[in-house]
Amino acid sequence: MSFISTIGAPARGFKALVRMAWPNSRRAFGLPLPPVGRGYERHASALNNSAVIACVNWLARTFPEAPLAVTRCDERGARAIQPDHELAKLLRRPNDFYSGPVMLMALIVDYVTSGNAYWLKIRSRTGRVVQLWWAPQSLIEPRWPADGSRFISHYDYRAGAMPVRISPEDIVHFRFGLDPANPRKGLSPLASVLREIFTDDEAAGFSASLLKNLGVPGVILNPRQAFGGSDEELDLIKQKFRETFGGDNRGDVMLMRGPTDVHVLSFSPDQMNLRDLRRVPEERVSAVLGVPAIVAGLGAGLDRSTFANMAEAREMAYESGIIPLQRLIAAELSKQLLPDFDGDERARVEFDLKDVRVLQEDRKVLAERLGVLVQRGVMKRSEARAELGLPVTPGDDVYLVPRTLAETGATGLRGKLDLRGRTNAAQASVEQQPTH
């Protein structure tokens, strides 16, 4: 059974998705990474880690700032955005229940934490794509024939008791590179730092246990004389001590009937300080995700942060972290989704970066450089406007040349120099003649 025949028209398609009973569990959102290796790797969970969450949240919030657009190459070779393109409209509103930026956020979380992300194509009766839905990566698995006759024959969507068979033409599969163990899937960059994630989780758990069990000083009551009470009497004394000196009664006066030594056991704040131990996971997680620690608000970066280097770090994070991801995502959309809407090979999906705030200084420098090239007649005005993403009209297809300059060839230039030389020589001879 194909996915199209299962889903059908948009109205029936949404009902079918509802009947698939999206699981209300953390696994439905791709939180636990697949078990890898042994020991700590089996227990490391990417989105249960605060350092990972800080970086992933920044990526998810920032990634949709540049909207998706469909561009087409004109006869002059300049690319222009097609605002009314059918796919562009669908990407802005993929379905009736959430917007395009929300779907991009879900995509990027799955993409960087698991290496795979999926969109489902919902088609009309005529086969036209009319809706897009994000599908949790933990519920989808590519399948292929045992004889290897096809790279991927279908995808299994395990949202209910029985998996739904989805044709590769009805799914957009985003891969973060290729997994060497299974090249049909991508591989998360976090796979290389599972040990550090586990270390950070254990350090957090250790601190929490100390605060829970020993953060309030433990007390030993040691009678100086032999105490022959039963275990029940000892438990009664311990309970009485807790009730008398615990909670809001901390620091109250204690009066013992017999000679008793009171020993207070505790960990000092220095002994409970695991900051240096947790800096290494923060630094490595931020490094593999391309998000500087200072940008994610992690302590590993805040110690050396200033307003000046914060701005530079945000720009670097966008250029080295966000833009490469955008190019990978746009390439997959151009290959797997755009052909359903447009058969023009000159069209492609891109992210429109012109209004991204952190890149405005770069655009200012680019505009100044292009302005100089146009003023010197090196570049057409139309080429400069296309480079800046501005609309181009036929009147812009011109070179601007200052009126004070005149075009001349090499021969003409030598002639002018020779004439100027003879004129100067004649003037000199006149000046050297004796006067009467």
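## Following Phe97 into the structure

Start with Phe97, which is exposed at a relative accessible area of 53%. Here buried means under 20% relative accessible area, exposed over 50%, and partly exposed in between, with a 1.4 Å probe and protein chains only. Keep in mind that this is a predicted model, where local features need pLDDT of at least 70 and side-chain atom pairs count only at pLDDT 80 or more, while totals for chains, interfaces and linings use all residues. Residues are numbered from 1 along each chain as its sequence is written, and side-chain values use heavy atoms, with hydrogens and water left out.

Let's zoom out for a moment. The protein chain has 16 helices and 11 strands, which are DSSP runs numbered from the N terminus (helices: H or I, at least four residues; strands: E, at least two). Of the 436 residues in the protein chain, 36% are buried. About 26,400 Å² of the protein chain is exposed, and carbon and sulfur atoms supply 55% of that area; the areas come from the Shrake-Rupley method with a 1.4 Å probe, and for residues only the protein chains shown count as cover. Now take the contacts in the protein chain between residues at least 6 apart in sequence: 62% of them join residues at least 24 apart, a contact being heavy atoms within 4.5 Å.

Back to the rings. The structure holds six aromatic pairs. Phe97 and Trp133 make one of them, a tilted pair with 6.0 Å centre to centre and 40° between the planes. For such a pair, ring centres of Phe, Tyr or Trp (its six-membered ring) lie within 6.5 Å; planes under 30 degrees apart count as stacked, over 60 as edge-to-face, and the rest as tilted. This pair links distant parts of the chain, with Phe97 in the loop between H5 and H6 and Trp133 in strand S4, 36 residues apart. Unlike exposed Phe97, Trp133 counts as buried at 7% relative accessibility. Ring pairs also bring in Tyr98, so that Phe97, Tyr98 and Trp133 are linked into a cluster.

Another pair, Tyr118 with Tyr155, is edge-to-face, at 5.9 Å centre to centre and 75° between the planes. Tyr118 sits in strand S3 and Tyr155 in strand S6 (residues 154-157), so this pair ties together parts that are 37 residues apart in sequence. Both rings belong to buried residues: Tyr118 has 0% relative accessibility, and Tyr155 has a relative accessible area of 3%.

Strands S3 and S4 have now both turned up, and they belong to one sheet. It is an open sheet of three strands in the order S4-S3-S8, with antiparallel pairing. The edges are S4 and strand S8 (171-175), each pairing on one side only. From one strand to the next, the twist averages 20°. Strands of a sheet pair through backbone hydrogen bonds, either parallel or antiparallel. S3 and S4 pair in the antiparallel sense over six bridges, where DSSP has to find at least two bridges between strands for them to pair. Within this pairing, Lys121 stands opposite Leu132 in S4. Helix H6 (residues 100-114) lies across S3, S4 and S8, and runs at about 140° to S3. That angle, on a scale from 0 to 180 degrees, is between N-to-C directions of axes fitted to C-alpha atoms, for helices over the stretch in contact.

Finally, the charged side chains. A salt bridge is a side-chain nitrogen of Lys or Arg within 4 Å of a carboxyl oxygen of Asp or Glu, and by this rule the count comes to 17. One joins Arg128 and Glu86, at 2.7 Å from N to O. Arg128 is in the loop between strand S3 (116-123) and strand S4 (129-135), and Glu86 is in helix H5 (residues 86-92), so the pair ties together parts 42 residues apart in sequence. Both partners are partly exposed, Arg128 at 43% and Glu86 at 37%.

Arg123 and Asp340 meet in another salt bridge, at 3.5 Å from N to O. This one links Arg123 in strand S3 to Asp340 in the loop between helix H13 (307-336) and strand S11 (347-351), 217 residues apart. Arg123 is buried at 9% relative accessibility, while Asp340 is partly exposed at 30%.
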